[in-house]
Amino acid sequence: MAKGLIWATAEDLARNRGRVLSLYRQILRSINSPKLSLTFAARLAKKAEVRAVFLLASEETSLHNIEDLIDTAEYSLSLLRKGEIPKYVQ
């Protein structure tokens, strides 16, 4: 259970760190999957996009937004494992 009510405490952030790093690594590895029909340049672009999302998300301090970001990462990973490319809405 989270210690902070709305904003994440240092303990909350430390608790989620391992999970977030694991998701990040799994997504980067999944982008290299032969199931995805991506060129080398497209793979590099997708990896850069993932890095940008995680870099911006690393500054997030709202508990609800952190949970949403983790849920989104897990959903994206499930799509990548099926051989589908997740679409990010901008």
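Of the 90 residues of the protein chain, 29% count as buried (under 20% relative accessible area, with exposed over 50% and partly exposed in between; 1.4 Å probe, protein chains only). The model is predicted: local features need pLDDT of at least 70, side-chain atom pairs count only at pLDDT 80 or more, and totals for chains, interfaces and linings use all residues. Residues are numbered from 1 along each chain as its sequence is written, and side-chain values use heavy atoms, with hydrogens and water left out.

**Exercise 1. Describe the fold of the protein chain.**

Step 1. Take the elements. Helices (H or I, at least four residues) and strands (E, at least two) are DSSP runs, numbered from the N terminus. The protein chain has three helices and zero strands.

Step 2. Read along the sequence. The pattern is α-α-α.

Step 3. Take the extent. Along the principal axes, the C-alpha atoms fill a box of roughly 45 × 20 × 20 Å.

Step 4. Take the contacts (heavy atoms within 4.5 Å). Among those with a separation of 6 or more, 62% join residues 24 or more positions apart.

**Exercise 2. Analyse α3 and the residues that follow.**

Step 1. Check its span. α3 has 19 residues and reaches 27 Å from first C-alpha to last. That is close to the expected 27 Å, which is 1.5 Å times one less than the number of residues.

Step 2. Find its buried residues. They are Leu63, Ile66, Ile70, Ala73, Ser76, Leu77, Leu79 and Leu80.

Step 3. Find their partners. These buried residues pack against α1 (10-31) and α2 (40-57).

Step 4. Move past the helix. Lys82 lies in the segment after α3 (63-81). Lys82 is exposed, because its relative accessible area is 60%. Its C-alpha is 9.8 Å from that of Ser30, 52 residues away along the chain. Gly83, which follows α3, has a positive phi, near 90°.

**Exercise 3. Characterise the lining of the largest pocket.**

Step 1. Fix the term. On a 1 Å grid over the protein atoms alone, a pocket is an open set of points with protein on both sides within 12 Å along at least five of seven lines; lining residues have an atom within 4 Å of a point.

Step 2. Count the lining. Of its 22 residues, the closest to the centre are Val20, Phe54, Ala57, Ser58 and Leu69.

Step 3. Assign them to helices. α1, α2 and α3 each supply at least two. α1 gives the most, with seven.

How values were computed
1 Å grid on protein atoms, 1.4 Å probe; cavity = no way out; pocket = protein on both sides within 12 Å on 5 of 7 lines; lining within 4 Å.
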